[in-house]
Amino acid sequence: MRQILFILLVSTSSSLLAQKIAITLDDLPFGYSGGFTDDQKIEAFDKILHTLKKHKVRATLFVTSGNMNEVTKVILDKAVAEGHQLGNHTNNHYDLNKVSAEKYIADIDSCQQLAEKWINSNYFRYAMLHRGNTKTKRDSVYSYLEEKGFLIAPVTIDNNEWVYNRGYSLAMKIGDQKNMDQIAKEYLYHMKEVTARYQKLSLQLTDREIPQILLLHSNPINADYLGKLLDWYKKEGWEFATLDEVMNDEFYNIEDNYIGPYGFSQLDRIKRSKKSN
Ligand SMILES: [Zn+2]
């Protein structure tokens with residue numbers, strides 16, 4: 001009996017300590033969509049905004065200013081008006097593994113200037129999460145970011161959402177509803193799997209479940225399925241938090257000395273940093 005009571009107490013207290021998760025979406029105004037018109041992009045983003053509002057999520061959204069035009073910039077107006085935080089995600093989405101630090105830095109600067117009206121935070125997110133495949137390159141961009149007062153926005157729940165989105169968008173383009181439904185089902189299953197993977201990695205590395213940062217994109221699959229995804233997190237007991245709240249956790253102060261070509265989750269970066277020490 002005493003043991004049963006103990007188990008009950010433990011399970012009750014752990015369910016009270018909700019796991020926090022920050023929702024971030026990249027490539028604003030709108031990412032890969034298999035040829036959406038500007039109006040379709042605006043309509044799809046409205047659905048994303050509606051879902052975020054319904055779930056009371058204050059998200060951090062990253063602008064790739066090269067994706068923006070005179071029509072789609074209204075997406076940024078709407079995102080700011082809804083109280084979301086907007087950060088810099090470069091102008092051309094260059095891969096830092098393939099361009100020089102100088103070219104990359106100029107591209108961050110371009111985004112800052114072109115999207116100045118909307119960027120309302122000091123967060124910066126690397127395109128493809130690539131922080132430089134050499135120490136010199138990594139450190140040059142780090143120095144620039146520090147000098148300009150940027151704060152790197154990491155990701156902990158990395159995933160292949162963009163791959164599912166690509167298939168989904170192409171199926172949508174040819175009106176293949178059956179394929180769209182199948183891809184969406186697999187997308188949601190994938191997200192549950194990767195979430196479990198990073199919860200497990202968090203326990204392995206830190207002996208606790210850290211507040212997580214989810215990477216998503218402004219794209220068609222989220223216009224249609226972000227609601228279902230957020231429903232699932234809520235049902236599993238997750239609490240939606242802002243990026244600021246999540247990054248207050250001490251995990252995000254752990255020194256990360258990973259250098260390499262991969263765009264890893266922060267958890268994987270820390271895991272590999274430890275190995276290289
Ligand atoms: Zn991106």
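Is R125 buried or exposed, and what is its relative accessible area? In this predicted model, R125 is buried, with a relative accessible area of 0%. The side chain of R125 meets that of D26 in a salt bridge, with an N to O distance of 2.9 Å. The two residues belong to distant parts of the chain, 99 residues apart: D26 is in strand 1, and R125 is in the loop between strand 4 (123-124) and helix 5 (135-148). D26 is likewise a buried residue, at a relative accessible area of 2%. Because buried means under 20% relative accessible area, the value of 2% places D26 in that class, and the value of 0% does so for R125.

The search of the whole structure returned 15 salt bridges, among them the pair of D26 and R125. Another is formed by E82 and K53, whose closest N and O atoms are 3.7 Å apart. This pair also links distant parts of the chain, with E82 in the loop between helix 3 (73-81) and strand 3 and K53 in helix 2, at a separation of 29 residues. E82 is partly exposed, its relative accessible area being 35%. K53 has a relative accessibility of 56% and so counts as exposed, the class being defined as over 50%.

A further salt bridge joins the side chains of D256 and R131, at 3.4 Å from N to O. D256 is found in the loop between helix 9 (243-247) and helix 10 (266-276), whereas R131 is in the loop between strand 4 and helix 5; the pair, 125 residues apart, links distant parts of the chain. Both D256 and R131 are buried. R131 and D256 are joined with R269 into one network through salt bridges that share partners.

The model contains a zinc ion, for which the protein donors are OD of D27, NE2 of H89 and NE2 of H93, at 2.0 to 2.2 Å from the ion. The spacing of these donor residues in the sequence is D-x61-H-x3-H. D27 and H89 link distant parts of the chain: D27 lies in strand 1 (residues 19-28), and H89, 62 residues apart from it, lies in the loop between strand 3 (85-88) and helix 4 (101-114). D27 and H89 are both buried. The donor H93 is in the loop between strand 3 and helix 4 and is partly exposed, with a relative accessible area of 25%.

Some backbone features were also noted. Most residues other than glycine have a negative phi, and most peptide bonds are trans. H93 is not a glycine, yet its phi is positive, at about 60°. T90, also not a glycine, has a positive phi of about 75°. T90 is placed in the loop between strand 3 and helix 4, and its relative accessibility of 0% makes it buried. The peptide bond from L28 to P29 is cis, with an omega near 5°. P29 is part of the loop between strand 1 and helix 2 (38-54).

Pockets were examined next. The largest pocket holds about 540 Å³ of space. Its lining is made up of 26 residues, and those closest to its centre are M128, N159, W162, L215 and H217. Strand 1, helix 6 (161-173), helix 7 (177-206) and strand 6 (212-217) are the elements that each give two or more residues to this lining. Helix 7 contributes the most to the lining of the largest pocket, with four residues. By class, the lining of the largest pocket has nine nonpolar, 12 polar and five charged residues.

The second largest pocket has a volume of about 410 Å³. Of the 19 residues that line this pocket, R131, Y142, I152, Y252 and D256 are nearest its centre. Two of these names, R131 and D256, are the partners of the salt bridge at 3.4 Å described above. The elements giving two or more residues to the lining of the second largest pocket are helix 5, strand 5 (151-152) and helix 10. Helix 5 provides the largest share of this lining, four residues. The lining of the second largest pocket divides into 11 nonpolar, three polar and five charged residues.

Terms used: Residues are numbered from 1 along each chain as its sequence is written. This is a predicted model: local features need pLDDT of at least 70, side-chain atom pairs count only at pLDDT 80 or more; totals for chains, interfaces and linings use all residues. Side-chain values use heavy atoms; hydrogens and water are left out. Donors are N, O and S atoms within 2.8 Å of the metal (3.2 Å for Na, K and Ca); water is not among the atoms, so sites may look incomplete. Buried means under 20% relative accessible area, exposed over 50%, partly exposed in between (1.4 Å probe, protein chains only). A salt bridge is a side-chain nitrogen of Lys or Arg within 4 Å of a carboxyl oxygen of Asp or Glu. On a 1 Å grid over the protein atoms alone, a cavity is a set of points where a 1.4 Å probe fits but cannot get out, and a pocket is an open set with protein on both sides within 12 Å along at least five of seven lines; lining residues have an atom within 4 Å of a point. Grid points are joined across faces, edges and corners, and a volume is the space filled by probe spheres set on the points. Ala, Val, Leu, Ile, Met, Phe, Trp, Tyr, Cys and Pro count as nonpolar, Asp, Glu, Lys and Arg as charged, and the others, Gly among them, as polar.
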